[in-house]
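Biologist: Could you walk me through this structure? I keep tripping over the words people use for it.

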Amino acid sequence: MLRPADDSLIRELAEGREEAFVALYDRFASSLLRVAVRLLGSQQDAEDAVQEVFVGVVRVRARLPKVENLRAYLFATLRRAAARLVAARRERVLSPEQEQALAAPEAKGVDSEQAVRLERALRMLPSEQREIVALKIEGALTFAEIAGVLAISPNTAASRYRYALEKLRAALEA
Amino acid sequence: MEPFDLPPELAEIERRLTDRCHPPPTSVFRERVLSAMRAERSPKRSLWNVAAVLAASVFLCLNFGLSLTNHRAWSEPQWLESADVETSARSIRQRHPDLSAWEAHQFAILLQSPPALPASLGGNRAWEGEESWDMR
């Protein structure tokens, strides 16, 4: 479903307006980058993937009016970009320092050790569950949008998310 | 909100996941992405830049190649090309019978290794102009 705000943004993007590109970046860059970091495990790779998404939007701007859900479209594009990067560079094993950085120790009310444990537990999830958690939590997508991105049903998306949370809980309590 | 209720213990995990703070993208990254988007939006200008660089490169290569060709044409008389020292020495003696065999031989050696040309035979200037080879 197309949100009214997306509708006007898409129209302006299709017209190639500079301010529309800036608005697109300001609205989605942060969540795209968070999901990309989660998918790729590397800030640098994540930034490359996100840049690829935005540049890709400019490249195909004439076809954007056909997009039904801009948010889902961006995350689906990010997913493909991330898959290409993973295929090209192979998934890397994170160093403890990178894990610590990814765990965002300044999290509200969560001490550093717990944040690192949560991060480890997240990385232990099967990739399909980790991806759903990233899209739901970091990308703030609805299950319907996640379903669109992953080409699965919303119920399947919700179930996988629930399984993922159960695994995280079990890992944290172990 | 979506009609998807989580039991309290899972809702707590979700809250902990959501509460994590992430630093926002840096201003450097923002500028990098916006620049890339602008460049993609104006491919014509980018193509012109590429075309200009290519044209300049071709011009420089042609110029360099031409200089090399000219230099070679000036510094190596055709009759010396691909000749060994003995053959060159014989050719030199045929054209300059006043030279001794030893002088012709030394000259041939020098001709095969240009930088070593001594000052008494014109120095490096001998390699720089056609007139230096006007020994016929």
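Modeller: Sure, let's start inside: the largest nonpolar core has 56 residues, and A:Leu32, A:Ala36, A:Ala49, A:Val50 and A:Leu78 have the most contacts inside it. Helix 2 of chain A gives the most to this core, with 13 residues. This is a predicted model, where local features need pLDDT of at least 70, side-chain atom pairs count only at pLDDT 80 or more, and totals for chains, interfaces and linings use all residues. Residues are numbered from 1 along each chain as its sequence is written, with chains lettered from A and ligands numbered from 1 in the order in which they are written.

Biologist: What makes a set of residues a nonpolar core?

Modeller: The members must be buried Ala, Val, Leu, Ile, Met, Phe, Trp, Tyr or Cys residues, joined through C-beta atoms within 7 Å. Buried means that 20 or more other C-beta atoms lie within 10 Å of the residue's own, against 12 or fewer for exposed, with partly exposed in between. Buried residues make up 45% of the 174 residues in chain A. There's also a second, separate core of six residues, including B:Ala89 and B:Ile92.

Biologist: Which residues is A:Ala49 in contact with, leaving aside its neighbours within four places in sequence?

Modeller: Those are A:Ala36, A:Leu40, A:Leu78, A:Ala81, A:Ala82 and A:Leu85. Contact means that the two C-beta atoms, placed from the backbone, lie within 7 Å.

Biologist: How many helices and strands are there in chain A?

Modeller: Nine helices and zero strands. Both are DSSP runs numbered from the N terminus: H or I over at least four residues for a helix, E over at least two for a strand.

Biologist: Why are helix 2 of chain A and helix 7 of chain A called roughly antiparallel?

Modeller: They pack at an angle of about 160°, with their axes 9 Å apart. Angles over 145 degrees count as roughly antiparallel (under 35 is roughly parallel, 65 to 115 roughly perpendicular, the rest oblique), so helix 2 of chain A is roughly antiparallel to helix 7 of chain A. The residues that meet include A:Ser31 and A:Arg34 in helix 2 of chain A, and A:Arg130 and A:Glu131 in helix 7 of chain A. By class, the residues of this contact are four nonpolar, one polar and five charged.

Biologist: What about the two chains: how many residues does each give to their contact?

Modeller: Chain A gives 32 residues and chain B gives 25. Helix 2 of chain A gives the most to chain A's side, with seven residues.

Note on methods:
Axes fitted to C-alpha atoms, helices over the stretch in contact; angles between N-to-C directions. Nonpolar A, V, L, I, M, F, W, Y, C, P; charged D, E, K, R; others polar.
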